[in-house]
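Dear colleague,

I am passing on the structure we spoke about, and below it you will find my notes on what turned up when I went through it. Please read them with the sequence and the model open beside you.

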Amino acid sequence: MPVPLAPYPTPTVPVTPPAANGAQSQLVCSGCRNLLLYPVGATSVCCAVCNAVTAVPPPGTEMAQLVCGGCHTLLMYIRGATSVQCSCCHTVNLAMEANQVAHVNCGNCQMLLMYQYGARSVKCAVCNFVTTVGVSMKSLLLANVIINKWIIVSI
C-alpha cells in the first residue's frame, strides 16, 4: 500500500511588505548572478534559485554595470569603484567612468568602439582591425613627411 508523502517543510522567511506604491528595484544575486527584483526598502534579498542572501546597497547608492572581460558576465558595482573583481572567473576588471573612455568608429567595419581615454590605438573585436586614435593632424603630417623622405632616400 503506498504511503502518502508529506510536503517538504517550508522554512519561515520574514516577508518584507512591498512599498506603498509597489516600487521595485533590482540587483545581481551574489551566488548565481541572476537578476533579482525586490521591493524598495528591503535590506537583503534571498535568491529563489540558489538561496544565497544578497545585501541591498543603502538607499541613494548609485550603481553601475560592466561586462567582465574574462567570462562576459554582467557585473554590477557601486559607482566610483576603480576596479571590480568578477565572482565567477575572478578577473579584476577596470571600472571606468564615462569621462575616462572615448569612442571611435573602426577604420575597417565602422563598428563603434570604446577605448580608454589617451590610448593611441584600439583593436576591433569584430574584424580585428587596429584603428589609430588620439593622434593630432600635426603628428600625422610629420609622420607622412618622415616616411616620404625615408622612401625617397631609399630609392
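In the UniProt record, an unreviewed entry, residues 29–53, 68–92 and 106–130 are listed under "domain: Zinc finger LSD1-type". Please keep in mind that the model is predicted. Over residues 68–92 the chain is 0% helix and 36% strand, with the end C-alpha atoms lying 8 Å apart; for residues 106–130 the figures are 0% helix and 36% strand, and the end C-alpha atoms are again 8 Å from each other.

As for the interior, the largest nonpolar core is made up of 9 residues, namely Leu-27, Cys-29, Leu-36, Tyr-38, Ala-42, Val-45, Cys-47, Ala-52 and Val-56. Another core, of 8 residues, lies apart from that one and includes Leu-66, Cys-68, Tyr-77 and Cys-86. Returning to Leu-27, and setting aside neighbours within four places in sequence, this residue is in contact with Asn-34, Leu-35, Leu-36, Tyr-38, Thr-54, Ala-55, Val-56, Pro-57 and Met-76.

The other residue I looked at is Thr-131, which sits in strand β12, residues 130–132. Thr-131 counts as buried because its relative accessible area is 8%, under the 20% cut-off. A polar atom of the Thr-131 side chain lies 2.9 Å from the backbone nitrogen of Gly-107. If residues up to four places away in sequence are not counted, Thr-131 touches Val-104, Asn-105, Cys-106, Gly-107, Leu-113, Arg-120, Ser-121 and Val-122.

With best wishes

Definitions and conventions. Residues are numbered from 1 along each chain as its sequence is written. This is a predicted model: local features need pLDDT of at least 70, side-chain atom pairs count only at pLDDT 80 or more; totals for chains, interfaces and linings use all residues. Side-chain values use heavy atoms; hydrogens and water are left out. Helices (H or I, at least four residues) and strands (E, at least two) are DSSP runs, numbered from the N terminus. Buried means under 20% relative accessible area, exposed over 50%, partly exposed in between (1.4 Å probe, protein chains only). A polar contact is a pair of N or O atoms within 3.5 Å; within protein, one must be able to donate a hydrogen and the other to accept it, and residues adjacent in sequence count only if both atoms are side-chain atoms. Contact means heavy atoms within 4.5 Å. A nonpolar core is a set of buried Ala, Val, Leu, Ile, Met, Phe, Trp, Tyr and Cys residues joined through side-chain atoms within 4.5 Å. UniProt positions are given in the numbering used here, feature names are shortened, and annotations may be inferred rather than shown by experiment.
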